[in-house]
Structures are given as structure tokens and as C-alpha cells.
Amino acid sequence: GRTGSVANPQPLHIAAPLYSPGTIVQVEQAVKRDDSSTASTSVSDIPGLGVTIHPKFSNNKILVSYQVNMGGNYHMFLRVKRTQNNTTTYVGNGNASGSRPLASSYQSHLHSGHVNSMNMEILDPVNGTGPITYQLQFWVASTDYIAYINRSFDNYNNVYGPGALSSSITVKEVCQ
């Protein structure tokens with residue numbers, strides 16, 4: 001404490017509210033170690049890349065971050081769906097402009113043996129203490145295209161091919 005005394009016995013239990021801006025209150029994470037694909041122009045959830053957090057305080061923010069290994073051939077999109085109290089919104093998208101899809105990550109052309117890491121990090125207001133689910137979604141611009149998670153288009157089975165990849169989504173409640 002202020003006087004240099006040490007609290008005994010440990011751990012120290014705090015009965016009153018503690019104000020500590022920037023402190024991480026809790027962390028939740030989902031890790032995907034298998035692969036998934038889509039050749040659909042309709043948005044779909046990426047299996048294994050969704051996470052739910054139960055905010056402790058209604059005025060905090062959630063630091064949402066993902067790292068997704070993505071391969072494929074053309075025009076692949078990612079976004080984060082946010083659901084709280086039966087209301088769905090999306091975090092990390094750019095502004096609407098013409099007929100461009102709203103996404104948080106986009107990849108155009110890849111060599112058929114390549115995989116790129118797609119990343120995003122953004123603070124999202126909590127808006128109450130109801131549980132919040134963040135779900136990664138993906139789609140392609142045309143049914144002629146295909147997007148893969150955790151593998152390349154060719155999926156080479158040799159020492160030069162990307163393999164044994166994982167992707168993750170992490171959410172952290174941050175005191176304000």
C-alpha cells in the first residue's frame with residue numbers, strides 16, 4: 001500500500017470497486033488448428049473462430065484481435081460479426097462506398113502455394129454487461145474463387161508447402 005506495508009495473507013481481496021484504466025480484466029481466445037474453405041459469395045462463419053466474453057463492467061471496451069492464415073485464388077474477404085443481446089453488428093469494417101463489400105480484411109490474388117496472415121486489432125465499446133460473441137466470417141467475390149483457412153490453394157505436401165498452420169481470435173476486456 002501507500003505506507004509500504006505488504007498485504008498478508010495473499011492474495012489481496014478488494015471489496016470496493018477498483019479503478020485502473022488500461023488494465024486487462026479478462027481474456028478469451030479461440031484457436032483453429034484445422035482447415036476450412038468456402039467458394040460461396042454468401043458470408044459464412046469460420047468454424048472454430050468464434051469466442052464469447054462476459055464483460056465485468058458496462059463502460060469498458062473489448063480489444064478484438066485476430067490472426068488468420070488464409071490461402072486461395074482470388075478476392076477473399078474476412079469480417080468480425082458481433083452479437084450482444086440478440087443484436088448483430090460488425091466491428092473493424094471500413095466505411096460503405098458504392099458496391100464494395102464491407103470487410104475488415106481483404107486479399108486479392110495469391111500464388112496457389114502461398115498463405116498470407118490476415119490481422120486486425122480494434123477497441124469495441126462494451127455497451128452493457130450482456131455476453132458478447134465475436135465470430136469471424138469469410139466469403140469470396142465469385143463462385144469461381146475459393147478461400148481456405150490454415151492452408152494454401154494447392155496444399156502442397158512437401159517441405160516447401162505451408163502446413164500445420166493455426167489461426168486465432170482473441171478478445172480482452174480493457175478497463176476505461
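Strands are DSSP runs of type E with at least two residues, helices are DSSP runs of type H or I with at least four residues, and both are numbered from the N terminus. By this rule serine 168 belongs to strand 11, which covers residues 167–174.

The structure is a predicted model, in which local features need pLDDT of at least 70 and side-chain atom pairs count only at pLDDT 80 or more, while totals for chains, interfaces and linings use all residues. Residues are numbered from 1 along each chain as its sequence is written, and side-chain values use heavy atoms, with hydrogens and water left out.

**The chain as a whole**

The chain has eleven strands and zero helices. Read from the N terminus, its elements run β-β-β-β-β-β-β-β-β-β-β. Of its 176 residues, 38% are buried. Buried means under 20% relative accessible area, exposed means over 50%, and partly exposed lies in between, with a 1.4 Å probe and protein chains only. The accessible surface of the chain is about 10000 Å², and carbon and sulfur atoms account for 48% of that surface. Such areas come from the Shrake-Rupley method with a 1.4 Å probe, and for residues only the protein chains shown count as cover.

A contact means heavy atoms within 4.5 Å. Among contacts between residues at least 6 apart in sequence, 84% join residues at least 24 apart.

**Strand pairing and the core**

Two strands pair if DSSP finds at least two bridges between them. Strand 9 pairs with strand 3 in the antiparallel sense over six bridges. One of the residue pairs here is glycine 50 with glutamine 135, the latter in strand 9. Strand 9 is also joined to strand 5 by nine bridges, and these two strands run antiparallel. In strand 9, tryptophan 139 stands opposite phenylalanine 77. Eight of the nine residues of strand 9 are buried.

A nonpolar core is a set of buried Ala, Val, Leu, Ile, Met, Phe, Trp, Tyr and Cys residues joined through side-chain atoms within 4.5 Å. The largest such core has 26 residues, and Tyr66 and Tyr134 have the most contacts inside it. Strands 3, 4 (61–72), 5, 8, 9 (132–140), 10 (147–149) and 11 each supply at least two residues of this core.

Leaving out residues up to four places away in sequence, tyrosine 66 touches Leu78, Val80, Ser104, Ser105, Met118, Asn119, Met120, Leu136, Ser168 and Ile169. Serine 168 counts as buried because its relative accessibility is 15%. Beyond its neighbours within four places in sequence, serine 168 is in contact with Gln29, Ala30, Val31, Leu49, Ser65, Tyr66 and Gln67.

**Salt bridges**

Side chains of opposite charge can pair when their charged atoms come close. A salt bridge is a side-chain nitrogen of Lys or Arg within 4 Å of a carboxyl oxygen of Asp or Glu. The whole structure holds three salt bridges.

| Residue | Residue | N to O distance |
|---|---|---|
| lysine 32 | aspartate 34 | 2.8 Å |
| lysine 81 | aspartate 45 | 3.7 Å |
| aspartate 124 | arginine 82 | 2.5 Å |

Aspartate 124 is in strand 8 (residues 116–125) and arginine 82 is in strand 5, so their salt bridge ties together parts that are 42 residues apart in sequence. Aspartate 124 is buried, at 9% relative accessibility, and arginine 82 is buried, at 6%.

In the first table row, lysine 32 is buried because its relative accessible area is 2%, whereas aspartate 34 is partly exposed at 46%. The pair of lysine 81 and aspartate 45 links distant parts of the chain, with lysine 81 in strand 5 (residues 74–84) and aspartate 45 in strand 3 (residues 44–53), 36 residues apart. Aspartate 45 counts as partly exposed at 36% relative accessibility.

**Two asparagines in a loop**

Most residues other than glycine have a negative phi, and most peptide bonds are trans. Asparagine 85 is not a glycine, yet its phi is positive, at about 50°. Asparagine 86 also has a positive phi, near 60°. Asparagine 85 lies in the loop between strand 5 and strand 6 (87–91), and asparagine 86 is placed in the loop between strand 5 and strand 6. How exposed is asparagine 85? Its relative accessible area is 56%, so asparagine 85 counts as exposed. Asparagine 86 is exposed too, with a relative accessible area of 82%.
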